[in-house]
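Reader: I would like a close look at one part of this model, namely a well-covered strand and what is packed around it. Please start from that strand, and then follow its neighbours outward to the empty spaces and the rest of the fold.

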Amino acid sequence: MQTEELMHQVKRLELATKRRSGNLLAGRYQSAFKGQGIEFAEVREYEPGDDVRSIDWNVTARAGKPFIKRFVEERQLTVVLAVDTSASGLFGSTGRSKSRALTEAAAAITLAAERNGDRTGLVLFSDEIGLVLPPARGPRHQLRLFRELLAAEPSGAGRAMPEALEDIRRVARRHALVFLLSDFTPPPGRQLDELHVPLTMLSRRCDAVCVRVTDPLERDLPPVGLIEVNDPETGQRAVLDTSSKRTRRHVRERFDAEAAAVRTLCRRAGADLIESATDRDVIDDLVRLFRKREQRR
């Protein structure tokens, strides 16, 4: 993509996302995620009525009288967007590919974080980790993040997702907010269960949210006779008889089984899950999860 065309795409993405997200997403984001961690503020002398569990015994021993630790909610978050750029993201039957929907979700989260003064980082991965953009904030950083999202060419099978999660866990601040954006299609020869350990370890250190985007045609095939399908990750081709009820049922059952497996994975790992599709507004799906989190607090 040429530089001029890329900058035009960046501007369109920014304007479209701002128009559709607006204050609603930013407000829900703040209510759902602010204050997830606490940071030490000071010690002060104990006063009647204070929680004795807050007593700092080291300071108390040195001073000869009780002192307590005071903590405050963290005012700023570190947000990390881990975006799957594998070739399966090229698919889209609604005029919008899965990759585009994931990009729009990442852009909306970035705008909400920026509005709340949070730092946002970006990790792009497929068969290897292609980009690591350290967390920062400000218009120039936001522009760079959008540019990298749009310039990423979907390719590969997404084999590096476990490694990406492990790297994020090692370097992210405790209580950081990590969004994992993908269609969660297992690479050939791999199982979704391979994500259980790295996602669980990440959830224990950070606040993990998985964003899954699929396409309606992946579940419901129209009865249009023989069609040739191509797997963009492996290059394998096959012919399906969509006029066969058995074939359509098999495709639907396989899709539903994969969706159930992703839900089980996130539940066992302690991560939230947003399920969206190319024929839906992913920003609306983000807002719905934010509302649920706000109610849980």
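Author: Strand S4 is mostly covered, since six of its seven residues are buried. The model is predicted, and everything that follows should be read with that in mind. S4 spans residues 119-125 and runs parallel to strand S3, residues 78-84, with seven bridges joining the two. Two of the facing positions can be named: Thr78 has Arg119 in S4 as its bridge partner, while Ala82 stands opposite Val123. In a regular strand, side chains alternate between the two faces of the sheet.

To place the strand in its sheet, one can read the order S5-S4-S3-S6-S7-S10, which describes an open sheet of six strands with mixed pairing. S4 therefore comes between S5 and S3 in that order. The edges belong to S5, residues 129-136, and to S10, residues 272-277, each of which pairs on one side only. From one strand to the next the twist averages 15°.

Among the elements packed on this sheet is helix H5, residues 161-171, which lies across S3, S4, S5 and S6. The angle between H5 and S6, the strand of residues 177-182, is about 170°.

The space left around S4 is the next point to consider. Rolling a probe the size of a water molecule over the atoms shows where empty space is left. Five cavities of 30 Å³ or more are counted in the model, and the second largest of them, with about 70 Å³ of space, is the one to examine here. Leu124, which falls within the residue range of S4, is part of its lining. The lining also includes Val83, Asp84 and Thr85, together with Ser99, Leu102 and Thr103, and it takes in Glu148, Leu149, Ala152 and Pro154 as well. The elements that contribute two or more residues to this lining are S3, helix H3 (98-115) and helix H4 (139-151). H3 gives the most, with three residues. By class, the lining of this second largest cavity divides into six nonpolar, three polar and two charged residues.

The largest cavity, by comparison, holds about 140 Å³ of space. It is lined by 17 residues, and Gly158, Met161, Pro186, Pro187 and Leu195 are the closest to its centre. Met161 falls within the range of H5, the helix that lies across S4 and its neighbours. Eight residues of this lining are nonpolar, five are polar and four are charged.

Turning from cavities to pockets, the largest pocket contains about 1100 Å³ of space. Its lining has 32 residues, with Glu218, Val229, Asn230, Asp231 and Arg254 nearest the centre. Two or more lining residues come from each of strand S7 (207-214), strand S8 (226-230), strand S9 (237-241) and helix H7 (245-269). H7 supplies the largest share, six residues. Of the residues in this lining, 15 are nonpolar, eight are polar and nine are charged. S7, which appears in the pocket lining, is also a member of the sheet that contains S4.

Two of the pocket's strands, S8 and S9, form a hairpin with six residues between them, and Gly235 in the turn has a positive phi of about 80°. The pair runs antiparallel and is joined by five bridges. Asn230, one of the residues nearest the centre of the pocket, has Arg237 in S9 as its bridge partner.

The whole chain gives the setting for these details. The protein has eight helices and ten strands, and 46% of its 297 residues count as buried. Among contacts with a separation of 6 or more, 77% are between residues 24 or more positions apart. A separate pair of residues also brings distant parts of the chain together: Val287 and Arg28 are 259 residues apart along the chain, yet their C-alpha atoms are separated by 6.5 Å. Val287 lies in helix H8, residues 282-296, and it counts as buried because its relative accessibility is 5%, where the cut-off is under 20%.

Note on methods
Residues are numbered from 1 along each chain as its sequence is written. Side-chain values use heavy atoms; hydrogens and water are left out. On a 1 Å grid over the protein atoms alone, a cavity is a set of points where a 1.4 Å probe fits but cannot get out, and a pocket is an open set with protein on both sides within 12 Å along at least five of seven lines; lining residues have an atom within 4 Å of a point. Grid points are joined across faces, edges and corners, and a volume is the space filled by probe spheres set on the points. Helices (H or I, at least four residues) and strands (E, at least two) are DSSP runs, numbered from the N terminus. Ala, Val, Leu, Ile, Met, Phe, Trp, Tyr, Cys and Pro count as nonpolar, Asp, Glu, Lys and Arg as charged, and the others, Gly among them, as polar. Axes are lines fitted to C-alpha atoms, for helices over the stretch in contact, and angles run from 0 to 180 degrees between N-to-C directions. Contact means heavy atoms within 4.5 Å. Buried means under 20% relative accessible area, exposed over 50%, partly exposed in between (1.4 Å probe, protein chains only).
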